[in-house]
Structures are given as structure tokens and as C-alpha cells.
Amino acid sequence: MGALRRAALALAALLGVSSAMLEVHVGTSSVFSVEGQQAVLPIWYTSHSQKKPYIIWVLQKEDAKPYQILRYLDGVVKVEETELKPRVGFLYPILTHNISVFINATRESDSGQYMCTVNVEDEAATTGKNIGVINLTVLVPPAIPTCEVHGNPTVGANVTLSCSSKKGKPSPTYQWQRMDPTPQVFFPPAQDRTRGSLKLTNLSLEMSGPYVCTAENQAGFEKCKIILEVQSTSTKAVIAGAVLGSLGALAIIIFFAQRVVGYRRKKRDSQEEGANEIKEDAVAPKTPSWARRPASDTISKTSTLSSIGGTRDKPYAARPPSDTASILTTTGSYRGPPPRGGGRPPNLSPPAVNGTPRRHQIPAAPPGSLPPSSLARAGAVPVMVPAQSRAGSLV
């Protein structure tokens, strides 16, 4: 036996392997950290060798493959490209044999199993003794919960107060309590600490007041507050009647406002249509007789009416034949004075002979007067004097 042992030691010396045994030690197998804080994974190793170790840190999350996050080889530290790169590292110098790591600003996603493997060049280790495993759990404090009232808080009725937080690891528990002026703590079955509900039955006015819910877990706690106002049935009816009355009055005001607006709009539209309507039965204006005559028979409209303004009441017979009350046409005929008293004008047509109308003859100009053609060449203007009706107005 002694010979065999000496042979084994000699072989080990030739291979450069020390007889000292390598072993990795774990400070704690479970580490808990609050989100946002620093976590430390405590591990060290023992060895009699003075050679530099080869260290690898691996992370394995639930339902995922393990991946390398940190290593030490030939005196060089290398941090792998992971979400932990800016936040992870060795806590102490490697030569101290303390190979603990730190993780800053922990997140919930950092939770998982961390495994450290150590190897030394000239030192052997028993299977499994060179590996350390630590489970990291990152705790998340509860988010600010939400408090609500379910039901109609009237005297004699039942209501349920609910409290829930959207965030928290582990899941928070809930505790309801009534605050001053009458503090009160509630217990099951009225309160469900897991679901965060509180049942209040047969309400009374004395149960009104502030109620506070506390959501709590290992990482911390948060609170929310609600004011319960228990109302009597009569008060509830008065409030409901007032609301309904206000709504009814508002509806009536809106209805009449719409009617007034519609009436005014309809009236304005009808006035615009009447102004723009073209009357089909309207009589077209008549064209004056002097405008229908040929240019040769047209009498100038620039008659000087002022010459007869002061002699309307005098008989036409008393005026001389050359008065402006006569009518001269371009043919030089004399129409004579207008009839007195509104009578019919004399028929100036020549009498018929044997049923054949006699041709109109132009009378000779009186002695001492110029013929119409000479007057026209001299620039004379024909004048027309309007007839006089029975009422004394001009026609």
C-alpha cells in the first residue's frame, strides 16, 4: 500500500496537480432584495494553490436557458453583454478568495438562480465542491392601492368596500380600519385580507366617516383612503327630486328656446321668399303713345309747361291762335285747343265723300307766318301741351 501511495504522489507531481482539495463555500442559499436596492451574493473558495483561479458566474431564470453573466480568466474580469452588464461585478479582489458579486438597482426580472464555478490549474476538487448556487428573489413593494365603495350607502342598506393594488411581489395582503373620531379595526368574515374587501351591513348614520386600507408585503406598504357618507332615505329622496326637477326645467327651457328660434327662422325665410317672388299676374307698364309714334310724328317732350301754368282757368277760345296751347306737328297741321270741361276732342278727320274718306289737306299758313318747314330749318322746336281732365289735372 505504501508503495502505491508513493507512486500516486509521484504521478501527481509529474502532472503538476497538488494534493490540496478545492472547495467553494456559499454564505446563504437564498438572498432577498427590495426592488431598486443592491443585492450581494456571498461566495468564497478555499485552496492551497497560489495560482490564479478561473471563475464563471451563470444565471438561470425560470423557464429559460442558463447564460453567462461574469467571468475571471488570467487575471482579467469580463462582464458579458446582458441586461446586468452595467449593474453587476465582483465585490472584492479575486486574490482574496472572496468571489462574491453585487447587483445594483435590482429589478424584478433579476430574480433567478445564480451559479458560480471555480477551477484552479494545479488543484483538483471533489465533484460538486467547486460549484456554489444562490437563489435571488427581488421583492416589489405594493403600488398605491385603489379604494372604492360598491352599493348604495343609505340607512339599513349593505355596502362593500374594495381595495386592490396593481403591483407587488409577493402579493400584498390588505387591512381595513376606520379612522377617528371612532377608530375601529375589522376582522374576518367581514374583512377578506387576501381580496381586500370589507362588507358593511345594516348601515347607520353613525357608520359614516373615513376608512383606510393598507396594502402590505415583505417589501413595504401603501395606503388609500375613502370617505363613507351614509344618507337617510328622506335625504336621498329630496336629492333625487331636486335633480329630476332641475333636469325637467332645463328640458322645458331648451324646448321653448328651440320653438322660438324655429319660429323666427321660419318668419325670416318667408319674408325673403315674398321679397324675391315674381308676380305672374302683374300688368306690364304701357308704352306712352308718343313713344310709339314714328320719329317724324313725335312731339318733343321738352315742352315748356310753365307757359300755361297761370292760364288753366281761362277759356282756350280767348287765347290767340298762336298760343302755345296749340299743337304743331312736323307736318304743320293745327290740332286746335283742347276741349273745355273735359269734353271729347273734336274729330279732326276730313269728312268722307260718297263713303270715301277725303284726303287730308295741309292748310295754308296764315298770312304773315312762316311755314313749318321754314321753322324747322330755323331751329324751332315743336311743342305739345297736355290736355286737361275734368279734375283740372294734366293728362
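In this predicted model, C163 and C213 are joined by a disulfide with an S to S distance of 2.1 Å. C163 belongs to strand 14 and C213 to strand 19 (residues 209-217), so the bond ties together parts that are 50 residues apart in sequence. The torsion about the S-S bond is about -90°, so this disulfide is left-handed. Both C163 and C213 are buried.

The structure holds two disulfides. The other pair is C147 and C224, with sulfur atoms 1.7 Å apart. This pair also links distant parts of the chain: C147 is in strand 13 and C224 in strand 20 (residues 220-228), 77 residues apart. The link of C147 and C224 is right-handed, with 65° about the S-S bond. C147 is buried at a relative accessible area of 15%, and C224 is buried at 9%. With the bonded cysteines numbered in sequence order, the pairing is 1-4, 2-3.

Strands 13 and 14 belong to an open sheet of four strands in the order 13-14-18-17, with antiparallel pairing. Its edge strands, each pairing on one side only, are strand 13 (146-150) and strand 17 (191-192).

Three strand pairings are listed below.

| Strands | Sense | Bridges | Bridge partners |
|---|---|---|---|
| 14 (residues 159-164) and 18 (residues 197-200) | antiparallel | four | L161 and L198 |
| 2 (residues 30-34) and 12 (residues 131-139) | parallel | five | V34 and L139 |
| 10 (residues 112-120) and 12 | antiparallel | six | Q113 and N135 |

Another cysteine, C116, counts as buried because its relative accessibility is 0%, where the cut-off is under 20%.

Technical notes. Residues numbered from 1 in each chain as written. Predicted model: local features only at pLDDT ≥ 70, side-chain atom pairs only at ≥ 80, totals over all residues. Heavy atoms only, no water. Pairing = 2+ DSSP bridges. Helix = DSSP H or I, 4+ residues; strand = E, 2+ residues; numbered from the N terminus. Disulfide = S-S within 2.5 Å. Buried < 20%, exposed > 50% of the residue type's maximum accessible area, 1.4 Å probe, protein only.
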